[in-house]
Structure formats: C-alpha cells, structure tokens
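Here is a set of short questions and answers on one chain. Take a look at the sequence and the model before reading on.

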Amino acid sequence: MPEITTPTLWELLKHAAAWLTNLNRASKARKAESRAAVRQIITAAQETAVYVRSLNETGKPSHNSEARISRLWTELSFQLEDLGIEKLAKRCRIKGRYWSNPSHYDSDFLEKADISLVRMERLSREILADIGH
C-alpha cells in the first residue's frame, strides 16, 4: 500500500473541498431550476384561467390558444420530470393532453386526476415553500 504523505493528503483534501464546493453550486443551480419551473406552472395556470374565462364569456373556442396552452403544459411536464418533480409533472402532462383534445378525457378521470387550476397553483406554492428561496 502506498504511503500517504503530507503533500498527498493535502492534495486529497483540496480535491475534496473543491468537489464539495461544486456539489453545493450544483445544488443551488438545481434549486433555481426547480423554482423557475414551478413558478412557470403558476403562470400557465393563470394563462389557462384567462383563456377559460374568455371561452366562458364568448363561447368561442380558439384552437390557437388551446394549442399554445397544450404546448405550455406539456413542456412544463418535461422540465418537471427532468427535475424529479413527478407529482406536478404527471398533472402537467395530463393538462397538456387535455388541451390538445378537450374531449380526450372524461370528467370522472379529470376529477380523479386532481388537475384543477386552483389545485395546480396550490401544489406549486407548496413545492416552492419546500424548495426554499
């Protein structure tokens, strides 16, 4: 077994300290990415709410708006999945699929999926609190 000398031990300690610093930076970056993605859910929920209000007031669906909303929720599902925030990723995936074809899911499934805009925003705020600032 090779002898560990003072200079070797010093190099090992320096390497370990650098590794821990990089790990801490990565953790901070991951938290920032997670916060940004979760905040986008709140934005998506509000954008969707505006469209739903318009739809209710005018009775005129907009395929362009529905396509944009579908893409927004679907892209969010991918971001959240990459970050390991599965609970919201699954709900966003369902939201995206719903807006691509609102008749795809029946009302019982949607109720069980618990994807109301209020619920999505509440979950987002809970996760933001868990992530910290």
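Q: How does the span of α3 agree with 1.5 Å a residue?
A: This is a predicted model, and its helix α3 has 15 residues. At 1.5 Å a residue, those should span 21 Å. The end C-alpha atoms agree with that, because they lie apart by 21 Å.

Q: Which residues of α3 are buried?
A: Buried means under 20% relative accessible area. In α3 that picks out L88, A89, R91, C92, I94, K95, G96 and W99.

Q: What is the relative accessible area of W99, and is the residue buried or exposed?
A: W99 lies in helix α3, which covers residues 86-100. The cut-off for buried is under 20%. W99 counts as buried because its relative accessible area is 6%.

Q: How many aromatic pairs are there?
A: Ring centres must lie within 6.5 Å to pair. By this rule, the count is three.

Q: Which kind of pair do Y51 and W99 form?
A: The two rings are 5.6 Å apart, centre to centre. Their planes meet at 80°. An angle over 60 degrees counts as edge-to-face, so the Y51 and W99 pair is edge-to-face.

Q: How many residues apart are Y51 and W99, which link distant parts of the chain?
A: Y51 belongs to helix α1, residues 6-58. W99 belongs to helix α3. The pair links parts of the chain that are 48 residues apart.

Q: Is Y51 buried or exposed?
A: The relative accessible area of Y51 is 7%. The limit for buried is under 20%, so Y51 is buried.

Q: What is the angle between the planes of Y98 and W99?
A: These two rings also form an aromatic pair. Their centres are 5.0 Å apart. The pair is edge-to-face, with an angle between the planes of 85°.

Q: Which residues do ring pairs link into a cluster?
A: W99 pairs with Y51. W99 also pairs with Y98. The ring pairs thus give a cluster of Y51, Y98 and W99.

Q: Which residue lies over the face of W73?
A: W73 is one of the buried residues of α2. At 5.9 Å from its ring centre lies a residue that is itself buried in α3. That residue is K95.

Q: What length does α2 reach from its first C-alpha to its last?
A: Helix α2 runs over residues 63-83, with 21 residues. At 1.5 Å a residue, 30 Å is expected. The helix comes close to that, reaching 30 Å.

Q: What arc around the axis do the buried residues of α2 cover?
A: The buried residues of α2 are S65, E66, I69, S70, W73, L76, S77, L80 and L83. They lie on the same side of α2 because the arc they cover is only 155°.

Q: Which exposed residues does the other face of α2 carry?
A: One side of α2 is buried. The face turned away from that side carries exposed residues. They are H63, N64 and D82.

Q: Which residue just after α2 takes a positive phi?
A: The place to look is just after α2. Phi there is about 80°. The residue is G84.

Q: Where is D114 found, and what is its phi?
A: D114 is in the loop between α4 (107-113) and α5. The residue is partly exposed, because its relative accessible area is 28%. Its phi is positive in a residue other than glycine, near 55°.

Q: Which residues is S124 in contact with, leaving aside neighbours within four places in sequence?
A: S124 lies in helix α5, residues 117-131. S124 is buried, with a relative accessible area of 0%. Beyond those neighbours, its contacts are V38, I41, I42 and L88.

Q: How far apart in space are R35 and I131?
A: R35 lies in helix α1. At 16% relative accessibility, R35 counts as buried. R35 and I131 are 96 residues apart in sequence, yet C-alpha to C-alpha they are apart by 7.1 Å.

Q: How far apart in space are G132 and A32?
A: G132 sits in the segment after α5. Its relative accessible area is 21%, partly exposed. In sequence G132 and A32 are 100 residues apart, while the C-alpha to C-alpha distance is 9.7 Å.

Methods:
Residues are numbered from 1 along each chain as its sequence is written. This is a predicted model: local features need pLDDT of at least 70, side-chain atom pairs count only at pLDDT 80 or more; totals for chains, interfaces and linings use all residues. Side-chain values use heavy atoms; hydrogens and water are left out. Rings of Phe, Tyr and Trp (its six-membered ring) pair if their centres lie within 6.5 Å; planes under 30 degrees apart count as stacked, over 60 as edge-to-face and the rest as tilted. Helices (H or I, at least four residues) and strands (E, at least two) are DSSP runs, numbered from the N terminus. Buried means under 20% relative accessible area, exposed over 50%, partly exposed in between (1.4 Å probe, protein chains only). A charge sits over a ring if NZ of Lys or CZ of Arg is within 6 Å of the ring centre and within 35 degrees of the ring normal. The expected span of a helix is 1.5 Å times one less than its number of residues. The arc is that of the directions from the helix axis to the C-beta atoms. Contact means heavy atoms within 4.5 Å.
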